[in-house]
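Please open the structure in your viewer and keep the selection panel at hand. The tour goes from one selection to the next and says what to look for at each stop.

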Amino acid sequence: TSTLFIVPTPIGNLEDITHRALRILSEVDLIAAEDTRHSQKLMQHYNISTRLISLHDHNESQRASQLISKLESGDNIALISDAGTPLISDPGYGLVSQCRDAGVNVVPLPAPCAAITALSGAGLATDKFQFEGFLPVKALARQQALEKLIKQTRTSVFYESPRRILDTVKLIAQVLGSERRLVLAKELTKTFETFYSDSAGACVTWLEEDANHQRGEFVLMVAGDKPDQSDVSAEALKLLSLLMKELP
Ligand code: SAM
């Protein structure tokens, strides 16, 4: 059966691609890429000559039907994005959901994802976490998205651009308090990979003290709220009273 393969590509270091990914990229009939010119460089580096076709946010719904017809007529297709795992703050959701609806075989490959890479090296709790992608651009929506983290006990993971990182960290310090712990993971897998871990207030200072600190790609992680003892016992009392009602 023909298959749509979801193939993650490096997030900075060209060595971060699996043997299986390289084999599939050379064997498929077609590669759907977010930006074909960008991906051409990766293909050249690995001597892969498979034809590339674009699939981005603006043509996805129309492209998806074309690709599904090709899959139904027997072609194998790989989907890649500019970096990391397709569909994770990247195009592909429309295509994969339409493939699933149409009964087309979908096979995802595991490999780089900036969020998971950052989280695994941050030193924050990882037993439960939430991935939030990019914060909304509009001020009110940003503020509201951050307000939801006030009582959130899980680690929250965001993607952020160098243009907005300082404003975002300032807003976090304002909404969640300057003591909330953050980890900024920047330029992962690249030469200047940096993890900076401190209170939101100290992160603002660090970003402001050197323009270079704001450059590059960021994963921003917010430590979960640590409920204080009185919160815990209030919660416990509520639970206890619920349980009491259930007793015969
Ligand atoms: N699909 C990708 C993935 O699996 O990680 C994410 C694509 S999203 C459009 C791009 C964002 O991911 C960047 O703005 C940045 O927040 C994050 N990112 C990608 N590569 C990174 C890297 N090498 N270091 C830190 N963050 C990175």
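Begin by selecting Ser178, which is found in the loop between helix α7 (165-176) and strand β8; helices (H or I, at least four residues) and strands (E, at least two) are DSSP runs, numbered from the N terminus. What you have open is a predicted model, in which local features need pLDDT of at least 70, side-chain atom pairs count only at pLDDT 80 or more, and totals for chains, interfaces and linings use all residues. Residues are numbered from 1 along each chain as its sequence is written.

Is Ser178 buried or exposed, or does it fall in between? Because it has 14 C-beta neighbours inside 10 Å, Ser178 counts as partly exposed; a residue is buried if 20 or more other C-beta atoms lie within 10 Å of its own, exposed if 12 or fewer, and partly exposed in between, with C-beta atoms placed from the backbone. Leaving aside neighbours within four places in sequence, Ser178 is in contact with Ala173, Ser199, Ala200 and Gly201, where contact means that the C-beta atoms, placed from the backbone, lie within 7 Å. If you then add Cys99, which is 79 residues away along the chain, you will find the two C-alpha atoms separated by 46 Å.

Next, select strand β8 (181-186), in which 5 of the 6 residues are buried. Strand β9 (residues 194-199) runs antiparallel to β8 and is joined to it by 6 bridges, with Leu182 opposite Asp198 of β9; two strands are said to pair if DSSP finds at least two bridges between them. Strand β10 is also antiparallel to β8, through 5 bridges, and here Val183 has Met221 as its bridge partner.

Move on to β10 (218-222), which is largely enclosed by the rest of the structure, because 5 of its 5 residues are buried. Colour its two faces separately: Phe218, Leu220 and Val222 lie on one side, Val219 and Met221 on the other, and all are buried. β7 pairs with β10 in the antiparallel sense over 5 bridges, and in this pairing Val157 stands opposite Met221.

Now show the ligand, around which there are 24 residues, the closest being Gly84, Ala114, Tyr159, Leu188 and Glu217; a residue counts as near if its C-beta atom, placed from the backbone, lies within 6 Å. Helix α5 (114-122) and the strands β7 (155-160), β8 and β10 each give two or more residues to this shell. By class, the shell has 11 nonpolar, 7 polar and 6 charged residues.

For another part of the protein, select β2 (residues 30-33) together with β3 (residues 51-54), which pair in the parallel sense over 4 bridges. The chain passes from β2 through helix α2 (residues 36-45) to β3 in a right-handed β-α-β crossover, meaning that, with the strands pointing away from the viewer, the path from the first strand over the helix to the second runs clockwise. Leu30 is opposite Arg51 of β3. β2 is also joined by 4 bridges to the parallel strand β4 (residues 77-80), where Ala32 stands opposite Leu79.

Finally, zoom out to the protein, which has 9 helices and 10 strands, and colour by pLDDT, the predictor's confidence in each residue, from 0 to 100. The average is 95, and 98% of the residues score at least 70.

Definitions and conventions: Ala, Val, Leu, Ile, Met, Phe, Trp, Tyr, Cys and Pro count as nonpolar, Asp, Glu, Lys and Arg as charged, and the others, Gly among them, as polar. Two residues are in contact if their C-beta atoms, placed from the backbone, lie within 7 Å.
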